[in-house]
Amino acid sequence: MAGFRHVTRGARAVALGALGVALLAAAPAHALRVTTWNVLAFDPQNSADITATRLPNFRTVLGALSTDILVTEEMNSQSGADTIWNALKAAQPVGHVWKESYLSNCQSALYWDSLQVLVSNVSSFADGQNLGRDVLTCLVKPAGYVTNAAWFRIYAIHLKAGGPATADSTTRRLECTSIRNTINSVPLSNVGPNFILCGDTNFYGAYEGGYIRLTESQTNNNGRSVDHLPMPGDWHVISTYAGYDTQAPCASCIDPLFSGGGMDDRFDILFTSASLQDGAAADVVDYFAFGNDGNHFNTDINGGGFNTAVPLAVANALHDASDHLPVVLTLQLPAIVSAASHVEFGTVIAGATAQQTLTVADGALPPAAALHYSLAAPAGFTAPSGGFTATAGQPGNAHALALSTASAGVKVGTLTISSDDPDSASRPVQLAGTVLRHAAASLDSQRVVLADTLDLGAHTAGGFSDLAASVYDQGWDTLQARLALGTANVAGGAGRFSLVGFAPALVAGTPARVTVHFDPTGATPDSAYQATLTLGSSDEPLPGAGPEPDLVVTLRATVSSTTDAPPAAGALRFEAPHPNPFAAATTFAFALPHAAPVALEIFDLSGRRVRSLAAGELAAGAHAIRWDGTDARGVRVTGMMFARFRTPGLDRTVRIVSLR
């Protein structure tokens, strides 16, 4: 299996004969640790067991063990199970919530950190040999995983003790035949294929019939077990296997129930299903006998006053706690895709470069399986192609996503992360952004007009009124950028034209008004003055914004020496409406020196056209047009409005007030 290693926890690395397995100095950080430990007839109610002496040693070992699931064998009473539970809680009190389940017919107890796993379906089944030690089983669901690709079953066993050439070996074979048949028959649709079969096997070698039954290929291999340390020969007599021995840590022991004899047997094993070593989803990455440094074959685990796998105090505790060592399996859990569920590109203007970063990481706890994934972007968006890999515990990969800005519109879509996360093989990421058209600066609401004239009229020195030029974002709607009116400059006109209270503005559906004032003080009578108002604007400040063409307004005013007179037929004139304000109606009088196109329109304060009173060519001469104050639908409108008169050579805008 890719990534799996056996570790004896020694400080030195040596070759183990033909196996070529290295004894490594330290374990990797664990994703989930499962431990099996034969605690040897632990029963505070049994006067033959020196529980009071052994208990402090259990606490020391459990404090150093750092496990998430503990399975114990030879737990002879509920009282003994509770005692170990309390020792576990005392030894590892911070960051854990320990739960317990004990089945007396199995003489096994199960302990688990409920913050790490959910354990359910705790039950048992007989091994067919009526030895008083049934098989404890349960279903384990690691926290954070939904599908059964990360779940696994535990089967806790304790097979018949006795030598390999005795009837006891036959009994073990019969027990394993029954166990294998039972596991073969488990429906996998709900629980998944993964399992761990662990405990005290009492096997002396891989040649035993029981070992063969558990590991052989059969017609039904749902229950086939895999030994992560396949070793030929008699395990208990081969010194090069010393790093794998689990019994007995004491040659001479404090408890008369201990068998003693020193480290020379590999009885305690954690088998797994093949699915836990196939390189996909959950996998075993580490396996070791806790405290075995490979240096104490046939002697005490603390012999010589040293142990290179654990501190000497822990080795001393292992020596006196039980005549078996705990055996630990580290389970690498599946990858978990971690990414934002929504990426917002915001609002940009057509032609802009619109990019956002999507970070995809493996959110599982190291050393989880690496996350392999690809990205598929929806229409209107782009994402990098190809396959990617993210490693658990690392920051993740940053991917540049882009929004197409070739056309305006609200762009939405779903990017798909396809990965080997068993819970989220197809992870959706919502993408959204808005692309606006460029603003359109204009002096007219109906069409783009970049140059126009604002005529303040011909009046005596005291007769001039301020007039306003309207600035539009022509054609504006919610998919068009607002117009940022930034500057307004007046040049010429002998300095008599000025702006009243100008301030930059964002123009959308309502025009901006640039009010112009003419100062006739000291002006030469019967003189005409002309200036140029230049208005600078751009798109609103968004990505892709650009400048708009200048709007140029020619300003005119004529200082008359006489009071305004009715229009003469031979002169081009437009007179102020009369009466103004008006209640019933008002009249617009003007004169044309020759036939010409005329537009006379009424606008409200927002720049919306209320009524068109003239639109087309009129004959030369004097004209008068009456307006009754109604809009194009015939509905009476009231309040302040503007009347605009336009004909070649004259453009006038005047304020009017319609009363109720």
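## Asn292 and its loop

Asn292 sits in the loop that runs between strand E12 (283-289) and helix H6 (312-321). This is a predicted model, and in it Asn292 counts as buried, at 2% relative accessibility. The cut-off for that label is under 20% relative accessible area.

What does the side chain of Asn292 reach? One partner is the backbone nitrogen of Gly294, at 2.8 Å. A polar atom of the Asn292 side chain also lies 3.4 Å from the backbone oxygen of Gly243. In both cases, then, the Asn292 side chain meets backbone: a nitrogen in Gly294 and an oxygen in Gly243.

## The nonpolar cores

In soluble globular proteins, nonpolar side chains tend to be buried together. Here the largest nonpolar core has 53 residues. The ones with the most contacts inside it are Ile69, Leu110, Phe152, Ile154, Ile179, Leu197 and Phe203. Which strand gives this core its largest share? That would be strand E8 (residues 152-158), with five residues.

Ile69 is a handy place to start looking around. Skipping residues up to four places away in sequence, Ile69 touches Arg33, Val34 and Thr35, then Leu110, Tyr111 and Trp112, and also Val117, Val140, Phe152 and Ile154. Another core lies apart from the largest one; this other core has 31 residues, including Met75, Ala87, Met263 and Ala317.

## Aromatic pairs

The structure holds 17 aromatic pairs. Take Phe518 and Tyr529: their ring centres are 5.8 Å apart and their planes are at 50°, so this pair is tilted. Phe518 belongs to strand E29 (residues 512-518) and Tyr529 to strand E30 (residues 527-539), so the pair ties together parts that are eleven residues apart in sequence. Phe518 and Tyr529 are both buried.

Now for Phe574 and Phe588: stacked or tilted? With ring centres 6.4 Å apart and planes at 15°, the pair is stacked. Phe574 is in strand E32 (residues 573-574) and Phe588 in strand E33 (residues 586-592), so to speak distant parts of the chain, 14 residues apart. Both of these Phe residues, Phe574 and Phe588, are buried. There is also a cluster, in which ring pairs link Phe203, Tyr211, Trp235 and Phe271. Phe203 turns up again from the list of residues with the most contacts inside the largest nonpolar core.

## The five-stranded sheet and His342

Strands of a sheet pair through backbone hydrogen bonds, either parallel or antiparallel. One open sheet has five strands in the order E15-E22-E21-E17-E19, with mixed pairing. Strand E15 (342-349) and strand E19 (387-390) stand at the edges, and each has a single partner strand, so one side of each has no neighbour in the sheet. From one strand to the next, the twist averages 25°. Inside the sheet, strand E17 (residues 371-376) and strand E21 (residues 409-419) run antiparallel and are joined by four bridges. Ser374 has Ser418 in E21 as its bridge partner.

His342 lies in strand E15, one of the edge strands. Buried or partly exposed? His342 is partly exposed, with a relative accessible area of 43%. Leaving out neighbours within four places in sequence, His342 contacts Val429, Gln430 and Ala432. Gln78 is a long way off: 264 residues from His342 in sequence and 52 Å in space, C-alpha to C-alpha.

## The four-stranded sheet and other pairings

Another open sheet has four strands in the order E23-E25-E29-E27, and here the pairing is antiparallel. The edges are strand E23 (441-442) and strand E27 (497-499); each has a single partner strand, so one side of each is left without a neighbour in the sheet. Strand E25 (residues 467-473) pairs with E29 over five bridges, in the antiparallel sense. Across that pairing, Ala468 stands opposite Thr515 in E29.

Strand E26 (residues 483-492) is worth following too, through two pairings. With strand E28 (residues 505-507), E26 pairs in the antiparallel sense over three bridges, and Leu485 has Ala505 in E28 as its bridge partner. With E30, E26 pairs over nine bridges, also antiparallel. There, Leu483 has Asp539 in E30 as its bridge partner. E30 is also the strand that holds Tyr529 of the tilted ring pair.

Notes:
Residues are numbered from 1 along each chain as its sequence is written. This is a predicted model: local features need pLDDT of at least 70, side-chain atom pairs count only at pLDDT 80 or more; totals for chains, interfaces and linings use all residues. Side-chain values use heavy atoms; hydrogens and water are left out. A nonpolar core is a set of buried Ala, Val, Leu, Ile, Met, Phe, Trp, Tyr and Cys residues joined through side-chain atoms within 4.5 Å. Buried means under 20% relative accessible area, exposed over 50%, partly exposed in between (1.4 Å probe, protein chains only). Contact means heavy atoms within 4.5 Å. Two strands pair if DSSP finds at least two bridges between them. Axes are lines fitted to C-alpha atoms, for helices over the stretch in contact, and angles run from 0 to 180 degrees between N-to-C directions. A polar contact is a pair of N or O atoms within 3.5 Å; within protein, one must be able to donate a hydrogen and the other to accept it, and residues adjacent in sequence count only if both atoms are side-chain atoms. Rings of Phe, Tyr and Trp (its six-membered ring) pair if their centres lie within 6.5 Å; planes under 30 degrees apart count as stacked, over 60 as edge-to-face and the rest as tilted.
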